[in-house]
Amino acid sequence: MREKCELKSIVLKAPAKLNLFLNTTGKREDGYHLIESVMQTIDLCDEVSIQLTGGNEICVTSNEQGIPLDEGNIVSKIARKVAEYKNIEFGCKIYIEKNIPTGAGMGGGSSDGASTLIGLNKLLSLDLSHKELLKIAESVGADIPFLLSGGTAKVFGIGEDVNSISPLCNCYFVIVKPDVSIDTKNAYKMLDEVKIKASKNIEDIILAINNNSIKDVGKNLY
């Protein structure tokens with residue numbers, strides 16, 4: 001049983017991510033797809049506020065009505081995983097100010113989860129190593145490991161194998177989100193049905209990034 005601690009709070013930015021390249025290379029027996037991807041975090045952010053409350057209740061609220069606020073929410077799962085991993089009890093209130101579009105493939109929920117994991121590690125003085133944070137992150141969601149550090153990275157496996165690469169040179173992205181949302185699970189299911197073979201090579205876009213050539217990055221988006 002954790003000793004009672006004083007109320008403390010923290011506010012963190014949770015950046016959106018873009019897949020500059022995304023290809024599926026296989027599928028595991030548990031249903032997770034194996035991928036090769038180049039991911040990039042951008043300035044568009046959610047904001048995650050965490051306040052320790054004592055007790056053991058985890059309460060999640062948000063300005064966005066379209067996301068689950070019960071135990072199905074990623075930040076709630078992360079908080080419970082932290083408690084389980086360290087064998088402690090704690091209570092907290094987590095407020096998510098959503099700015100990242102939902103159902104857009106931009107990792108909003110996963111980024112909220114990554115920020116929650118980082119925030120709880122600080123608030124509870126757990127001193128979890130990056131390796132331990134990755135272990136917890138991977139157990140909850142495939143995009144969370146990348147979003148723990150962000151930047152520009154080559155990502156393999158189901159998303160847990162993250163390798164930072166040269167930062168993308170200064171540029172702007174125009175993001176258009178129509179009034180349509182796509183469930184990730186269904187998107188991958190439809191991808192399995194059509195069996196698309198990659199028409200571009202991940203190494204070409206990495207070379208373009210290394211060469212600081214936005215024109216060639218644009219040519220190799222996939």
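## A tour starting at Asn163

Select Asn163 to begin: with a relative accessible area of 33%, this residue is partly exposed, because the partly exposed class lies between the buried limit of under 20% and the exposed limit of over 50%. The model on the screen is a predicted one, and every stop that follows should be read with that in mind. Asn163 has its place in strand S6. If you now add Asp46 to the selection and draw a line between the two C-alpha atoms, the viewer should show a separation of 24 Å, for two residues that are 117 residues apart along the chain.

**The whole chain**

Zoom out before going further, and display the protein chain as a cartoon. Seven helices and six strands make up its elements, and followed from the N terminus on they run β-β-β-α-β-α-α-α-β-β-α-α-α. Along the principal axes, the C-alpha atoms fill a box of roughly 55 × 35 × 35 Å. The radius of gyration of the chain is 18 Å, which agrees with the value near 17 Å that a compact globule of 222 residues would have. If you colour the chain by accessibility, 39% of the 222 residues count as buried.

**Strands S5 and S6**

Return to S6 and select with it strand S5, residues 152-156; S6 itself covers residues 161-164, and the two strands run antiparallel, joined by four bridges. At the end of S5, pick Phe156, whose bridge partner in S6 is Asp161. Four residues stand between the strands of this hairpin, and one residue to inspect there is Gly157, which takes a positive phi near 65 degrees.

**From S5 across to S2**

Which strand, besides S6, should be selected with S5? Add S2, which runs antiparallel to S5 and is joined to it by four bridges. To find a place where the two strands meet, pick Ser37, which stands opposite Val155 in S5. When you show side chains here, keep in mind that in a regular strand they alternate between the two faces of the sheet.

**The second largest pocket**

Keep S2 (residues 33-52) selected, since this strand gives the largest share of the lining of the second largest pocket, namely four residues. The pocket has a volume of about 230 Å³. Its lining is made up of 13 residues, and the ones to label are Thr41, Ile42, Asp43, Cys171 and Phe173, which lie nearest the centre. Coloured by class, the lining shows eight nonpolar, four polar and one charged residues.

**An aromatic pair**

Where in the structure is the one aromatic pair to be found? Select Phe21 and Tyr222 and show their rings: the centres are 5.3 Å apart and the planes stand at 40 degrees, so the pair is tilted, as planes under 30 degrees apart would count as stacked and those over 60 as edge-to-face. Phe21 lies in strand S1 (residues 9-27), while Tyr222 belongs to the segment after helix H7 (214-219), so the pair ties together parts that are 201 residues apart in sequence. The two partners can also be looked at with the surface turned on: Phe21 counts as buried, at 0% relative accessibility, whereas Tyr222, at 28%, counts as partly exposed.

**Three loop residues**

Next, select Asn87, in the loop between helix H1 (74-86) and strand S4 (92-97). Asn87 has a positive phi of about 55 degrees although it is not a glycine. Is this residue buried or exposed? Its relative accessible area is 68%, so Asn87 is exposed.

Move on to Ser125, in the loop between helix H2 (108-123) and helix H3 (130-140). Here too the backbone deserves a look, as the phi of Ser125 is near 50 degrees, a positive value in a residue other than glycine.

For the last stop, select Ser181, which lies in the loop between S6 and helix H5 (184-194). At 51% relative accessibility Ser181 counts as exposed, because the exposed class begins over 50%. Add Gly105 and draw a line from C-alpha to C-alpha: the two residues are 8.9 Å apart in space, although 76 residues apart in sequence.

Methods. Residues numbered from 1 in each chain as written. Predicted model: local features only at pLDDT ≥ 70, side-chain atom pairs only at ≥ 80, totals over all residues. Heavy atoms only, no water. 1 Å grid on protein atoms, 1.4 Å probe; cavity = no way out; pocket = protein on both sides within 12 Å on 5 of 7 lines; lining within 4 Å. Points joined across faces, edges and corners; volume = space filled by probe spheres on them. Nonpolar A, V, L, I, M, F, W, Y, C, P; charged D, E, K, R; others polar. Pairing = 2+ DSSP bridges. Phe/Tyr/Trp six-rings, centres within 6.5 Å; stacked < 30°, edge-to-face > 60°. Buried < 20%, exposed > 50% of the residue type's maximum accessible area, 1.4 Å probe, protein only. Rg over C-alpha atoms; globule rule 2.2 N^0.38 Å.
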